[in-house]
Amino acid sequence: MALALEEARRAAARDEVPVGAVIVLKGTVLARAHNETRARRDPTAHAEMLAVSQAAAALGDMRLTGATVYSTVEPCFMCAGALSHARVERAVWGVRDPKFGACASLGGVLTDTRLNHRARITEGVLADEARRLLREFFQSKR
């Protein structure tokens, strides 16, 4: 999660919402990314989406079986869907997202028994730092 927080700080420095994501498989970092929606003018350029793409390219496979995704913020519906399609084993995040969170706040995409894949989830990891980055970013916008 410390690496994901580094990515979130990079996002904030580039005037992006400070969200970072890292994907790890068997102790190896496959990908690390931060939000780039403004820079790319692309609403799908979330940290998790970019990291999934990088990890899949690194593995040469669309499945990230056995991988853990660390995100500073609870994944949204788009990102949770991508993590499910990629078959990640586990998702870990810092803070919930009460407006868009799809893993606990507004839905349970990664644990829904109606889907053919479920992932383990862990929340609250380094939450204070993730929350501080978000709070400072949005306060600077007001």
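Is Phe 138 buried, exposed or partly exposed? Keep that one in mind while we look around; what you have open is a predicted model.

**Stop one: helix H5.** Select residues 127-141, which make up H5. Put a distance between the C-alpha atoms at its two ends and you should get 21 Å. That agrees with the 21 Å expected for 15 residues at 1.5 Å a residue.

Now colour Ala 127, Ala 130, Leu 133, Leu 134 and Phe 137, the buried residues of H5. Turn the view until you look down the helix axis: these buried residues fall within an arc of 135 degrees, so they line one face of H5. On the face turned away from that buried side, pick out Asp 128 and Ser 140, both exposed.

What sits over the buried residues? Show helix H1 (2-13), helix H2 (37-40), strand E3 (68-73) and strand E4 (90-95), which are included in their cover.

**Stop two: two rings.** Stay on H5 and show the side chains of Phe 137 and Phe 138. The structure has one aromatic pair, and this is it: the ring centres are 5.1 Å apart and the planes meet at 85 degrees, so the pair is edge-to-face. Phe 137 is buried, at 6% relative accessibility. Phe 138, at 36%, counts as partly exposed, which settles the opening question.

**Stop three: the cysteines.** Don't hunt for disulfides, as the whole structure has zero. Select Cys 79: its nearest cysteine sulfur belongs to Cys 76, 3.7 Å away. Cys 79 is buried, with a relative accessible area of 1%. Finish on Cys 103, where the nearest cysteine sulfur is again that of Cys 76, at 8.7 Å. Cys 103 is buried too, at 4%.

Technical notes: Residues are numbered from 1 along each chain as its sequence is written. This is a predicted model: local features need pLDDT of at least 70, side-chain atom pairs count only at pLDDT 80 or more; totals for chains, interfaces and linings use all residues. Side-chain values use heavy atoms; hydrogens and water are left out. Helices (H or I, at least four residues) and strands (E, at least two) are DSSP runs, numbered from the N terminus. The expected span of a helix is 1.5 Å times one less than its number of residues. Buried means under 20% relative accessible area, exposed over 50%, partly exposed in between (1.4 Å probe, protein chains only). The arc is that of the directions from the helix axis to the C-beta atoms. Contact means heavy atoms within 4.5 Å. Rings of Phe, Tyr and Trp (its six-membered ring) pair if their centres lie within 6.5 Å; planes under 30 degrees apart count as stacked, over 60 as edge-to-face and the rest as tilted. A disulfide is a pair of cysteine sulfur atoms within 2.5 Å.
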